[in-house]
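Reader: I would like to learn how to read local features from a set of coordinates. Could we go through one case together, step by step?

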Amino acid sequence: MTGIAGNNEVVNSRQFDYPLERVFAAWTTPEQLARWWGPKGFTNTFHEFDLRPGGQWRFVMHGPDGKDYPNHSEFVEIVPHERIVIRHLNAPEFEATATFEQSDGKTTLIFRQVFKKPDVVEQARTFLLEANEQNFDRLNDLLAELSIK
């Protein structure tokens, strides 16, 4: 697991002990994605999930403090089992790229967020790195649960 914050980007990566197809499905199946997306304690309500270039993804993240966080994103690129590019349209504006690499039955996931305004990264650097790690923890928990079934 690694986290890097540059001038206008945050990059987290982790190797998962699961095949690429399973990890990619957890990103592209709305029912699975809704279960793990967001930091620890968050839940999601998806309103629109149109997985294609130009397709919209609208959802609300419900924080553990009871606060709701509406999100609106657009899918920019989908390369099956390789890459997903998402443009987050409401503040803070950024483009996120999830890259998937398989090796020996395991999957390395690299999640890069490039922010439109570098000052946003400066203000939220520590939170973003930790929140993305919690996201990865939740993804790993879901993958473990699905492999038991």
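**An exposed loop residue and a long-range contact**

Author: This is a predicted model, and in it asparagine 7 counts as exposed because its relative accessibility is 70%, while the cut-off for exposed is over 50%.

Reader: Where is asparagine 7 placed, and which residues does asparagine 7 touch beyond those up to four places away in sequence?

Author: Asparagine 7 lies in the loop between β1 (2-5) and β2 (9-16), and, with residues up to four places away left out, asparagine 7 touches Pro118 and Val121. Valine 121 is 114 residues apart from asparagine 7 along the chain, yet their C-alpha atoms are separated by 7.3 Å.

Reader: How should I read α3, and where is its kink centred?

Author: An α-helix has 3.6 residues a turn, so residues three or four places apart point the same way. In this model α3 has 31 residues and reaches 42 Å from its first C-alpha to its last, which is close to the 45 Å expected at 1.5 Å a residue; α3 also has a kink of about 75°, centred on alanine 124. The buried residues of α3 include Val121, Leu128, Phe136, Leu139 and Leu143.

Reader: Which residues touch the most other members of the largest nonpolar core?

Author: That core has 33 residues, and Trp27, Trp37, Phe100 and Leu139 touch the most other members. Helix α3 (residues 118-148) gives the most to this core, with six residues. Leaving aside neighbours within four places in sequence, leucine 139 is in contact with Phe16, Val23, Ala26, Trp27, Trp36 and Leu109.

Technical notes
Residues are numbered from 1 along each chain as its sequence is written. This is a predicted model: local features need pLDDT of at least 70, side-chain atom pairs count only at pLDDT 80 or more; totals for chains, interfaces and linings use all residues. Side-chain values use heavy atoms; hydrogens and water are left out. A nonpolar core is a set of buried Ala, Val, Leu, Ile, Met, Phe, Trp, Tyr and Cys residues joined through side-chain atoms within 4.5 Å. Buried means under 20% relative accessible area, exposed over 50%, partly exposed in between (1.4 Å probe, protein chains only). Helices (H or I, at least four residues) and strands (E, at least two) are DSSP runs, numbered from the N terminus. Contact means heavy atoms within 4.5 Å. The expected span of a helix is 1.5 Å times one less than its number of residues. The bend at a residue is the angle between axes fitted to the seven residues ending there and the seven starting there.
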